[in-house]
Amino acid sequence: MPSIIAISNPKGGVGKTTTAINLAASLAIAEQRVLVIDLDPIGSVGTGFGMAESPNDSGMFEVLSGNMDIPQVIRPSGIPKLDVIPVNVYSNEREIRIGDLSKNRVLLRSQIERASARGAIDYDYIIIDTPPVLNDLTIGALMASQSVLVPMQCGHFAIKAVSRLLEMVKRIRSSTNPDLTVEGILLNFYEKGTRASTRSSEIATELFGHFLLKTRIPKNSALGYSAFEQRPLAQLDIGSPGAIAYLALAEEIIHRRKRRAYPLSRKNEIRRHPIIARLDASE
Ligand SMILES: Nc1ncnc2c1ncn2[C@@H]1O[C@H](COP(=O)(O)OP(=O)(O)O)[C@@H](O)[C@H]1O
Ligand SMILES: [Mg+2]
């Protein structure tokens, strides 16, 4: 089974879509097979990979309306090992309709399970971008995921938004999806040395310390520019601070996944395992 990660925060403009695109590209650069699913009707993930949305195309809209299966709507991203499913909500009518369809909150989960069970999809990671609101689409993504990655914008913390999201994670864990965990909270728009970023980092540590990811994404205008160019930043400028940070984030996530693969009840065996020994040595 793939690791399924929802990128979520009910506040807009914090870097969810930027993270979905650039984390996915970085995981693929790290030789992981990745599928990105766009569940935000605005459709910025598809555009971020240079994909059109029109009646002639297909995407998550067709999957949720039951007209197509996931494997039929997968498109290559142009980056090896990385595929994308755009949302394909190109009209207001479709936006209303996808809202109605998503009232069935287990639809996405069952579609992914069905495709995985018959071997029609085979990925290491599935990354799901969600809308900037805690609606049925977002809840459906959380129900289908193993973890949630929460970008936060330094200097513009919306603690309430994140608290509500974590509350929802708790509810979903106690009902449909007991395996759901928090992948981590990701500080975005980080500006080293500024008071706003230092203070943001202190507050985040105080409130969400155990969830805070080591990697921080710097404020980097190249990330905004790459959205206009409709490519992940790594493809345009692999040496830019934004691209380097997302590569580090991919590494951090892969590292944690390897650790999670070993149950804690086998602690000593875990320590002796060559992969873990190597990971420990590199810390
Ligand atoms: N680290 C960053 N540095 C500079 N600009 C960023 C950064 N992260 C995101 N942006 C820009 O901020 C805007 C909002 O990001 P986006 O990923 O669309 O947020 P969300 O999906 O949470 O609404 C976009 O224009 C994006 O290019
Ligand atoms: Mg977005």
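Student: What makes H10 stand out in the shell around ligand 1?

Tutor: H10 gives the most to that shell, with 4 residues. Keep in mind that this is a predicted model. In total, 19 residues surround ligand 1, and Gly15, Lys16, Thr17, Thr18 and Gly224 are the closest. Helix H1 (16-29), strand E7 (181-190) and helix H10 (221-229) are the elements that give two or more residues each.

Student: How do you know which class of residue the shell around ligand 1 has?

Tutor: Just look at the split: 11 polar, 6 nonpolar and 2 charged residues. Gly counts as polar here.

Student: Why are H1 and H12 called roughly perpendicular?

Tutor: Their axes cross at roughly 65° and come within 8 Å. Angles of 65 to 115 degrees count as roughly perpendicular, so H1 and H12 get that label. The crossing is right-handed.

Student: Which residues make that contact between H1 and H12?

Tutor: From H1 you have Asn22, Leu23, Ser26, Leu27 and Ile29, and they meet Tyr246, Leu247, Leu249 and Ala250 in H12. By class, that contact has 7 nonpolar, 2 polar and no charged residues.

Student: And what makes H7 oblique to H8?

Tutor: The axes of H7 (residues 136-144) and H8 (residues 159-173) cross at roughly 55° and come within 10 Å. That angle falls outside the 65 to 115 range for roughly perpendicular and isn't under 35 either, so H7 is oblique to H8. This crossing is right-handed.

Student: Which residues meet there, in H7 and H8?

Tutor: Ile139, Leu142 and Met143 in H7 meet Met168, Val169 and Ile172 in H8. That contact has 6 nonpolar, no polar and no charged residues.

Technical notes:
Residues numbered from 1 in each chain as written. Chains lettered and ligands numbered in written order. Predicted model: local features only at pLDDT ≥ 70, side-chain atom pairs only at ≥ 80, totals over all residues. Near = placed C-beta within 6 Å. Axes fitted to C-alpha atoms, helices over the stretch in contact; angles between N-to-C directions. Parallel < 35°, antiparallel > 145°, perpendicular 65-115°, else oblique. Left-handed = near helix turned anticlockwise from the far one by under 90°. Contact = placed C-beta atoms within 7 Å.
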